[in-house]
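Me: I am new to this structure and would like a close look at a single part of it, followed by a careful walk through its surroundings and some other parts. Please take your time and connect the pieces as you go.

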Amino acid sequence: MRAAYIEELGPPENIRYGDLPDPVPGPGEILVRVSATAVNRVDTFVRSGRYVTPLDFPFVIGRDLVGIVAESNSREFRPGDRVWCNSLGHDQRQGAAAELAVVRADRLYRLPAGVQPTDLLAVAHPGATAYLAAFAQGRLAFGETVLIGGAAGSVGSALVALTANAGAVVIATAHPRDHEYCLELGATHVIDYRRGDLVEQIMKLAPRGVDLHVDTSGRNDLPSALGVLAPRGRIVLLAGPASRSILPVGEFYMRDATIRGFVISRATTRELRAAADAVNGSVLDMSFRPRTVEILPLSESVKAHQRVEAGGLHGTRILLEM
């Protein structure tokens, strides 16, 4: 099979495109003929070694795929089924950037009827991340107020759509050029994150404070976050592995606050299944779609990783087709 893989950790230029032996599914595993895979920021962390996880070399990169079942050792799936997965490529699981991939049955999900594979693939990772951050980690409830930083990005926009659909009051921060987009997704209020009086603006909109604070930008300004947090509010950290912030312990204590670090790579199969149901639902009702999808051939994996690491994609999702 043709695959994009690495033989050692390092920069994007370490990615090779070539032939590897076809994988063989074991008990309870499914062999999937891959149609396309996505390139996520977390994939660059695994490839570079910034996210430490057991890998076997040569290591096929990537975690998300859409495809068709080629061979099944599980009663749940049959050859020809249209499927997707978003949890390969780490923890000793080979990745998705290949013509064939082996997926455990409990990590594989059916593609809803009538849905275009690339439409779902584009939202699989940001949608699942957003769902788990808001509901599994953030415990967001109907009627609560959530502040979403970086609301126009891939994960941020998914957070806006999913939390608005769940009945939350959504305060989004974004560049003015993205305000209309955030409102279309369901945000109740949108604020320019560059404003010097950002905290004051948020408190005017939510005098009691926000119940959930999720910043997808990676800034992780904890003093400011605690300054707008309601009593017993929650902060979920899901970006910025290199960020540094000082926690105001006294304020944290007095507000009875909770801070959770969240990385989707540690989500349980049960959590991932719940997130997959949410992703399927959002694709079916068209409540969330990425702003731009760019499709490249798998042979351009190096270029794709370089662009993701460089930043500036501004909500653009890069997919790689076989």
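The part I have in mind is Asp221: does it count as buried, partly exposed or exposed, and at what relative accessibility?

Reply: The model shown here is a predicted one, and what follows should be read with that in mind. Asp221 has a relative accessibility of 40%, and because buried means under 20% and exposed means over 50%, Asp221 counts as partly exposed. Along the chain, Asp221 belongs to the loop that runs between strand 12, residues 210–215, and helix 6, residues 222–227. To place Asp221 in the wider structure, one can take Tyr17 as a point of reference: the two are 204 residues apart in sequence, and from C-alpha to C-alpha they are 40 Å apart in space.

A second loop residue can be set beside Asp221. Glu99 sits in the loop between strand 6, residues 82–85, and strand 7, residues 100–104, and with a relative accessible area of 29%, Glu99 is also partly exposed. If residues up to four places away in sequence are left out, Glu99 touches Met1, Arg2, Val32, Arg33, Val34 and Met322. The C-alpha atoms of Glu99 and Val115 are separated by 21 Å, although these two residues are 16 residues apart along the chain.

Buried residues can be looked at in the same way, and Thr173 is one of them. Thr173 has its place in strand 10, and at 6% relative accessibility it counts as buried. The strand around it, residues 169–174, is mostly covered, since five of the six residues of strand 10 are buried. Strand 10 runs parallel to strand 9, residues 145–149, and four bridges join the two; in this pairing, Val170 of strand 10 is the bridge partner of Val146. The contacts of Thr173, again without residues up to four places away in sequence, are Leu147, Ile148, Gly149, Gly150, Ala151, Ile191, Tyr193 and Leu198. Ile191 appears once more in the neighbourhood of Gln201, which touches Ile191 and Arg195 when residues up to four places away in sequence are not counted. Gln201 lies in helix 5, residues 198–205, and at 18% relative accessibility Gln201 counts as buried.

Another helix shows how buried residues can be arranged around an axis. In helix 9, residues 301–310, the buried residues are Ser301, Ala304, His305 and Val308. Seen down the axis of helix 9, these buried residues fall within an arc of 95°, so they line one face of the helix. The elements that cover them include strand 1, residues 2–6, strand 3, residues 29–39, helix 1, residues 41–48, strand 15, residues 292–297, and strand 16, residues 316–321. After helix 9 comes Gly311, whose phi is positive, near 80°.

Strand 1, one of the elements that cover the buried residues of helix 9, also takes part in a sheet. This is an open sheet of three strands, in the order 2-1-4, with antiparallel pairing. Its edge strands, each of which pairs on one side only, are strand 2, residues 16–19, and strand 4, residues 59–60. Strand 1 and strand 2 pair in the antiparallel sense over four bridges, and Tyr5 stands opposite Arg16 in strand 2.

There is also empty space to consider inside the model. Rolling a probe the size of a water molecule over the atoms is what shows where such space is left. A search of the whole structure finds four cavities of 30 Å³ or more, and the largest cavity holds about 50 Å³ of space. The residues that line the largest cavity are Thr37, Ala38, Val39, Asp43, Ile61, Gly62, Ala97, His305 and Leu320, and among them is His305, one of the buried residues of helix 9. Strand 3 provides the largest share of this lining, three residues, and by class the lining has five nonpolar, three polar and one charged residues.

The second largest cavity holds about 40 Å³ of space, and the residues that line it are Asp43, Val46, Arg47, Phe59, Ile61, Gly62 and Gly89. Asp43, Ile61 and Gly62 are named in the linings of both cavities. Helix 1 gives the most to the lining of the second largest cavity, with three residues, and by class this lining has three nonpolar, two polar and two charged residues.

Key. Residues are numbered from 1 along each chain as its sequence is written. This is a predicted model: local features need pLDDT of at least 70, side-chain atom pairs count only at pLDDT 80 or more; totals for chains, interfaces and linings use all residues. Side-chain values use heavy atoms; hydrogens and water are left out. Buried means under 20% relative accessible area, exposed over 50%, partly exposed in between (1.4 Å probe, protein chains only). The arc is that of the directions from the helix axis to the C-beta atoms. Contact means heavy atoms within 4.5 Å. On a 1 Å grid over the protein atoms alone, a cavity is a set of points where a 1.4 Å probe fits but cannot get out, and a pocket is an open set with protein on both sides within 12 Å along at least five of seven lines; lining residues have an atom within 4 Å of a point. Grid points are joined across faces, edges and corners, and a volume is the space filled by probe spheres set on the points. Ala, Val, Leu, Ile, Met, Phe, Trp, Tyr, Cys and Pro count as nonpolar, Asp, Glu, Lys and Arg as charged, and the others, Gly among them, as polar. Two strands pair if DSSP finds at least two bridges between them.
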